[in-house]
Each structure stands twice: as structure tokens, then as C-alpha cells.
Amino acid sequence: MHPRHTIPNAVQALADPTAPAGPQVWDAMTVEVALSLMTAARARHLVICDEDGRRTGHVTLARLTDVRDSPDYTDRIRLRDVADDSAPGALAVPH
């Protein structure tokens, strides 16, 4: 019996032309960490993945900045709480 090979997430993203390309991060990442990562990577958005590596949404730099500057912001807000789209499994918070 041969081991099963899986397609890397980057290749899966290329198979779906509507999926945004970009750095992939876990949905449990905090807004502050995501903003730091985006600055370092010079990225304008992040692809959000669940614990199984499946794409669940994406978030833009503008969205994260708005969330951080909001009076309701806390350092416990996770990317899963602020996704920009409503892909299956993504929890989108109204803007």
C-alpha cells in the first residue's frame, strides 16, 4: 500500500481562480499578529485557513486596520471573527 499524497494548499488555491492568493494563516491568529505579519510580508491580504489547512476566508489590511482602530477592539479578536468574505466556515463580522 502506498501512502496517499495530498495536494499542497498553494496548489489547491491555484485551482480556484476566484480564491485570493497570499500568505496563508490560521484562523486563530490575533489581529495584532496578523498586522505584523502583513507588514513583514508586505501583503495586502491574508488567506485564512482552519486547523485542517482548508481555506475558510480572507482578510484585507484595510479590514484589520479598521478592526484595530475600532472602539470595540480587544487583543483577543481572532481572524475567524473578522473574515472579509463568507466562505463556508468563515465567521464574518459586520463592517
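Of the 95 residues of the protein, 34% count as buried, where buried means under 20% relative accessible area, exposed over 50%, and partly exposed in between (1.4 Å probe, protein chains only). This is a predicted model: local features need pLDDT of at least 70, side-chain atom pairs count only at pLDDT 80 or more, and totals for chains, interfaces and linings use all residues. Residues are numbered from 1 along each chain as its sequence is written, and side-chain values use heavy atoms, with hydrogens and water left out.

**Overall layout**

The protein has three helices and three strands. Helices (H or I, at least four residues) and strands (E, at least two) are DSSP runs, numbered from the N terminus. The elements run α-β-α-β-β-α from the N terminus on. The accessible surface of the protein is about 6,600 Å². Carbon and sulfur atoms hold 57% of that surface. Areas come from the Shrake-Rupley method with a 1.4 Å probe; for residues, only the protein chains shown count as cover. A contact means heavy atoms within 4.5 Å. Among contacts between residues at least 6 apart in sequence, 49% join residues at least 24 apart.

**The sheet and its helices**

Three strands make an open sheet, ordered E1-E2-E3, with mixed pairing. Two strands pair if DSSP finds at least two bridges between them. Strand E1 (24–26) and strand E3 (55–60) stand at the edges with a single partner strand each, so one side of each has no neighbour in the sheet. From one strand to the next, the twist averages 35°. E1 and E2 pair in the parallel sense, over three bridges. Glutamine 24 stands opposite valine 47 in E2.

H2 packs on the sheet and touches E1, E2 and E3. The direction of H2 makes about 130° with that of E2. H3 lies across E2 and E3, at about 75° to E3. Axes are lines fitted to C-alpha atoms, for helices over the stretch in contact; angles run from 0 to 180 degrees between N-to-C directions.

**The nonpolar core**

A nonpolar core is a set of buried Ala, Val, Leu, Ile, Met, Phe, Trp, Tyr and Cys residues joined through side-chain atoms within 4.5 Å. The largest one has 16 residues. Val31, Leu46, Val59, Leu64, Leu79 and Val82 touch the most other members. Helix H2 (31–41), strand E2 (45–49) and helix H3 (61–69) each supply at least two residues of this core. H2 gives the largest share, four residues. Leaving aside residues up to four places away in sequence, valine 31 touches Leu64, Val67, Arg68, Tyr73, Ile77 and Val82.

**Salt bridges**

The structure holds four salt bridges. Each is a side-chain nitrogen of Lys or Arg within 4 Å of a carboxyl oxygen of Asp or Glu. Three of them are tabulated here.

| Acid | Base | Closest N to O |
|---|---|---|
| Asp50 | Arg54 | 3.3 Å |
| Asp52 | Arg54 | 3.2 Å |
| Asp69 | Arg68 | 3.4 Å |

The aspartates sit in contrasting surroundings. Aspartate 50 is buried, at 9% relative accessible area. Aspartate 52 is exposed, at 51%. Aspartate 69 counts as exposed too, at 54%. Its partner, arginine 68, is partly exposed, at 33%. Shared partners join Asp50, Asp52 and Arg54 into one salt-bridge network.
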